[in-house]
Amino acid sequence: MPPDLDKEGFLRDVTEWDIAVADTLAAGEKITLTSEHWEIIRLVRDYYDSYRLFPANRVLVKRIRETYGSDKGTSIYLMSLFTARPARVIAKIAGLPKPPDCD
């Protein structure tokens, strides 16, 4: 059964998320998930589990830099993985609500 999505393609119930759902949502964005994608997805989901919100871009980049190093802790790196709208796409694939600062 396909995941229940809102009109923008975000998962309606974050508890329904799993690896298969992530793969389905990524395919909808024309992204094939790699280990680099999964690093970011896990980091964002952990942040959401702790704070019940998606990290602001500056916080996200800082966390990635602290966790995975300066090569990965940049907005350009995120855009290379998740398109020009990384926060929106990361949240969608991670099964999280649309970040409030996304259009």
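This is a short walk through a predicted model, one selection at a time.

**Stop 1: the core**

Start in the middle of things and select Ile40, Phe82 and Ile93. These are the residues with the most contacts inside the largest nonpolar core, which has 31 residues. Now colour the helices. Helix 1 (19–28), helix 2, helix 3 (57–68), helix 4 (75–82) and helix 5 (86–93) each put at least two residues into this core. Which helix gives the most to it? That's helix 2, with six residues.

Keep Ile40 selected and show what surrounds it. Setting aside neighbours within four places in sequence, Ile40 is in contact with Ile64, Tyr77, Leu78, Leu81, Phe82 and Ile90.

**Stop 2: where helix 2 meets helix 4**

Next, show helix 2 and helix 4 together. Their axes come within 10 Å and cross at roughly 115 degrees, and the crossing is left-handed. To light up the contact, pick Glu36, His37, Glu39, Ile40 and Ile41 on the helix 2 side, then Tyr77, Leu78, Leu81 and Phe82 on the helix 4 side. Colour that selection by residue class and you'll find six nonpolar, one polar and two charged residues.

**Stop 3: Glu36**

Zoom in on Glu36, which sits in helix 2 (residues 35–51). Is it buried, partly exposed or exposed? Glu36 counts as partly exposed because its relative accessibility is 31%. Draw a line from the side chain of Glu36 to the side chain of Thr34, and you have a polar contact of 3.0 Å. Leaving out residues up to four places away in sequence, Glu36 touches Lys72, Tyr77 and Leu81.

For a sense of scale, put a ruler between the C-alpha atoms of Glu36 and Cys102: these residues are 66 apart along the chain, and the atoms are separated by 23 Å.

**Stop 4: His37**

Step along to His37, also part of helix 2. With a relative accessible area of 6%, His37 is buried. What does its side chain reach at 3.0 Å? Look for the backbone oxygen of Leu81. Then show the rest of the surroundings: beyond the neighbours within four places in sequence, His37 is in contact with Ile31, Thr32, Leu81 and Phe82.

**Stop 5: helix 5**

Now select helix 5 on its own, then bring the other helices back around it. Eight of the eight residues of helix 5 are buried, so this helix is largely enclosed by the rest of the structure. Click through them if you like: Pro86, Ala87, Arg88, Val89, Ile90, Ala91, Lys92 and Ile93. What do these buried residues pack against? Helix 1, helix 2, helix 3 and helix 4.

Follow the chain out of helix 5 and you come to Gly95, where phi is positive, near 75 degrees.

**Stop 6: two loop residues with positive phi**

A bit of background for this stop: most residues other than glycine have a negative phi. With that in mind, select Lys30, in the loop between helix 1 and helix 2. Lys30 is not a glycine, yet its phi is positive, about 60 degrees. Turn on the surface here too: Lys30 counts as exposed because its relative accessibility is 78%.

Then hop to Thr83, in the loop between helix 4 and helix 5. Thr83 is another residue other than glycine with a positive phi, near 75 degrees. Its relative accessible area is 34%, which makes Thr83 partly exposed.

**Stop 7: Glu8 and its partners**

Finish with Glu8, in the segment before helix 1. Glu8 is partly exposed, at 28% relative accessible area. Which side chains does the side chain of Glu8 meet in polar contacts? One is Arg88, at 2.9 Å. Lys98 is another, at 3.1 Å.

Before you close the viewer, try the ruler again, this time from Glu8 to Lys92. These two are 84 residues apart in sequence and 9.2 Å apart in space, C-alpha to C-alpha. Lys92 and Arg88 should look familiar from Stop 5, since both are among the buried residues of helix 5.

Conventions
Residues numbered from 1 in each chain as written. Predicted model: local features only at pLDDT ≥ 70, side-chain atom pairs only at ≥ 80, totals over all residues. Heavy atoms only, no water. Helix = DSSP H or I, 4+ residues; strand = E, 2+ residues; numbered from the N terminus. Buried < 20%, exposed > 50% of the residue type's maximum accessible area, 1.4 Å probe, protein only. Contact = heavy atoms within 4.5 Å. Polar contact = N/O pair within 3.5 Å; in protein donor to acceptor, adjacent residues only side chain to side chain. Core = buried A, V, L, I, M, F, W, Y, C linked by side-chain atoms within 4.5 Å. Axes fitted to C-alpha atoms, helices over the stretch in contact; angles between N-to-C directions. Left-handed = near helix turned anticlockwise from the far one by under 90°. Nonpolar A, V, L, I, M, F, W, Y, C, P; charged D, E, K, R; others polar.
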